[in-house]
Amino acid sequence: MLKVKTKQLLFFLILLTLPTMKVNSQNSFKLISLGCGGGVDESNLSSYLISDFDEDQYICLDAGTLMHGLILASNAGIFDHLKSNNQKEEIAAYVLHHHIGAYAITHPHLDHVAGMLMAAPIDNAKTIYTSPKTANDLMEHIFESPLWGNFTNEGQNPIGKWGFIRMDEKEWYPLPNSTLQLKRYPLYHSYPNESSAFLVKNNDAYTVYFGDTGMHHSESLQKILDLLNDIKPLLIQRQLKAIIIEVSFPNSQPDDALYGHLKPSFIQSLLQELATFNSELKHDSLKGLKVFISHMKPNYRIQNNNEQVIEQEINALRSFGAEIIILQQTKQYNF
């Protein structure tokens with residue numbers, strides 16, 4: 001009799017764990033925001049760690065804020081599970097050295113690379129994935145200039161820590177010590193200045209990370225439409241889990257003063273374009289898709305602060321079933 005009850009209890013406990021197991025299995029990615037601001041506050045600039053949901057080997061998507069973001073995330077407890085008794089470094093440095101395998105840089109503006117550059121003296125060997133133009137710009141204007149040491153393995157007087165992978169367009173690149181793969185799409189920032197978007201693949205799940213870009217110029221818009229057309233099958237098959245995209249200004253900002261950035265009305269156009277991919281426009285066409293909003297630029301006004309206005313305008317968007325999330329520094333997002 002006791003044996004039967006024990007089996008029944010075990011079966012009941014298994015049933016209780018099934019819903020939790022199912023939820024976890026639906027997550028493919030883990031995203032940690034080290035910085036998500038739009039280029040004004042130097043302590044909160046574009047920088048995101050992304051990995052397989054069950055792993056802790058990250059690639060850093062842009063690196064405007066790095067060590068400061070790692071310290072804040074460490075203080076928030078995000079990396080507590082990585083601590084060990086024989087650890088000789090503070091947890092932020094430990095993550096930098098042992099859990100960030102590479103950088104993926106969308107363009108060479110300082111608010112996307114400053115943290116990486118400042119951390120260079122204590123960083124270990126890593127690969128920088130980027131476009132040929134961004135790599136060449138960083139070499140010419142940073143590493144082979146009086147502004148900073150040449151921490152790469154090319155050019156004059158190389159220190160040899162970092163190596164560039166100059167990515168061809170729309171080609172898959174496997175990432176070191178990771179299940180992730182990366183594909184680059186060309187974008188324009190303030191036309192004709194180049195930027196990039198990265199499509200991140202983890203088995204049969206995908207995430208798109210947009211660098212800074214605009215939509216009001218015809219060439220810039222065409223680059224975005226080309227990218228959307230390429231990922232259309234992923235959206236239809238529900239393999240596209242998330243889009244990470246910038247919104248720098250409120251709708252009141254004139255189009256000729258966006259400086260290659262986006263505002264909420266453009267995101268509404270983007271969502272509507274995506275929602276039509278399933279042929280019939282429905283209120284829930286994008287159900288299951290997360291749209292992460294980043295890069296909001298504050299204007300430091302007591303009233304009509306840009307960030308507050310942008311947030312209100314984002315919350316008012318017609319989402320077509322997508323979950324729209326305004327990114328926050330030091331937060332972890334699973335999807």
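1. Start with what helix 7 leans on. In this predicted model, its buried residues pack against helix 6 (218-236), helix 8 (306-315) and three strands: strand 11 (240-246), strand 12 (290-294) and strand 13 (323-326). The buried set in helix 7 is P264, F266, I267, Q268, L270, L271, L274 and A275. As a reminder, an α-helix has 3.6 residues a turn, so residues three or four places apart point the same way.

2. Nothing odd about the geometry of helix 7 (residues 264-275): with 12 residues, the distance from its first C-alpha to its last is 16 Å, close to the 16 Å expected at 1.5 Å a residue.

3. Now the sheet. Its 7 strands form an open arrangement in the order 7-8-9-10-11-12-13, and the pairing is mixed. Strand 7 (172-174) and strand 13 sit at the edges with a single partner strand each, so one side of each has no neighbour in the sheet. On average, neighbouring strands here are turned by 20 degrees against each other, ignoring direction. Helix 7 packs on this sheet through strand 11, strand 12 and strand 13, and its direction makes about 160 degrees with that of strand 11.

4. Within that sheet, look at strand 8 (residues 180-188) and strand 9 (residues 194-202): they run antiparallel and are joined by 9 bridges. P186 stands opposite S196 in strand 9.

5. Elsewhere, strand 5 (residues 126-130) and strand 6 (residues 162-166) run parallel, with 5 bridges between them. Y129 is the residue opposite I165 in strand 6. Add helix 5 (residues 132-143), and strand 5, helix 5 and strand 6 make a right-handed β-α-β unit.

Methods. Residues numbered from 1 in each chain as written. Predicted model: local features only at pLDDT ≥ 70, side-chain atom pairs only at ≥ 80, totals over all residues. Heavy atoms only, no water. Pairing = 2+ DSSP bridges. Helix = DSSP H or I, 4+ residues; strand = E, 2+ residues; numbered from the N terminus. Right-handed = clockwise from strand over helix to strand, strands pointing away. Expected span 1.5 Å × (residues − 1). Buried < 20%, exposed > 50% of the residue type's maximum accessible area, 1.4 Å probe, protein only. Contact = heavy atoms within 4.5 Å. Axes fitted to C-alpha atoms, helices over the stretch in contact; angles between N-to-C directions.
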